[in-house]
Amino acid sequence: AINPAHQNPSFPNELSIKMYVIDKLREVLIDLGKIVEIEYY
C-alpha cells in the first residue's frame with residue numbers, strides 16, 4: 001500500500017522516513033564500492 005504522506009513532494013526528505021532510510025542505505029552501499037541506482041515510480 002502507498003502511504004500518501006510518504007509521497008508528498010512538499011515534505012523535505014528528512015521528514016520522510018522511507019526516503020531517509022533509502023538515502024542512508026545508498027550511502028553505505030556506495031562506501032562499500034557498489035554501484036547504486038534508485039528508481040522512483
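This is a short tour of the model, one selection at a time.

**Before you click**

You're looking at a predicted model, where local features need pLDDT of at least 70, side-chain atom pairs count only at pLDDT 80 or more, and totals for chains, interfaces and linings use all residues. Residues are numbered from 1 along each chain as its sequence is written, and side-chain values use heavy atoms, with hydrogens and water left out.

**Stop 1: the whole chain**

Show the cartoon first. The protein chain has one helix and zero strands; helices (H or I, at least four residues) and strands (E, at least two) are DSSP runs, numbered from the N terminus. Now switch on the surface: about 3,900 Å² is exposed, with carbon and sulfur atoms supplying 60% of it. Accessible areas come from the Shrake-Rupley method with a 1.4 Å probe, and for residues only the protein chains shown count as cover. Of the 41 residues, 5% count as buried. (Buried is under 20% relative accessible area, exposed is over 50%, and partly exposed is in between, with a 1.4 Å probe and protein chains only.)

**Stop 2: helix 1**

Select 17-31, which is helix 1. Put a distance between its end C-alpha atoms and you should get 21 Å, in agreement with the 21 Å that its 15 residues should span at 1.5 Å a residue. That expected span is 1.5 Å times one less than the number of residues.

**Stop 3: two salt bridges**

The structure holds two salt bridges, each a side-chain nitrogen of Lys or Arg within 4 Å of a carboxyl oxygen of Asp or Glu. Show sticks for Asp23 and Arg26: their closest N and O atoms are 2.9 Å apart. Asp23 is partly exposed at 30%, and so is Arg26 at 28%. Next, pick Lys24 and Glu27, whose side chains meet at 3.6 Å, N to O. Lys24 is partly exposed at 37%, as is Glu27 at 32%.

Why do these partners line up? Asp23 and Arg26 are three residues apart in helix 1, so about one helical turn separates them; Lys24 and Glu27 are also three residues apart there, again about one helical turn. An α-helix has 3.6 residues a turn, so residues three or four places apart point the same way.

**Stop 4: a nonpolar patch**

Select Leu25, Val28, Leu29 and Leu32, which make a nonpolar surface patch of about 360 Å². Patches take residues with over 30% relative accessible area and no salt bridge, joining like charges within 9 Å and nonpolar side chains (Val, Leu, Ile, Met, Phe, Trp, Tyr) within 5 Å. Leu32 sits in the segment after helix 1 and is exposed at 59%.

**Stop 5: past the helix**

Just after helix 1, click Gly33, which takes a positive phi of about 90°. Finish at Glu37, also in the segment after helix 1 and exposed at 65%. Its C-alpha is 8.5 Å from that of Arg26, eleven residues away along the chain.
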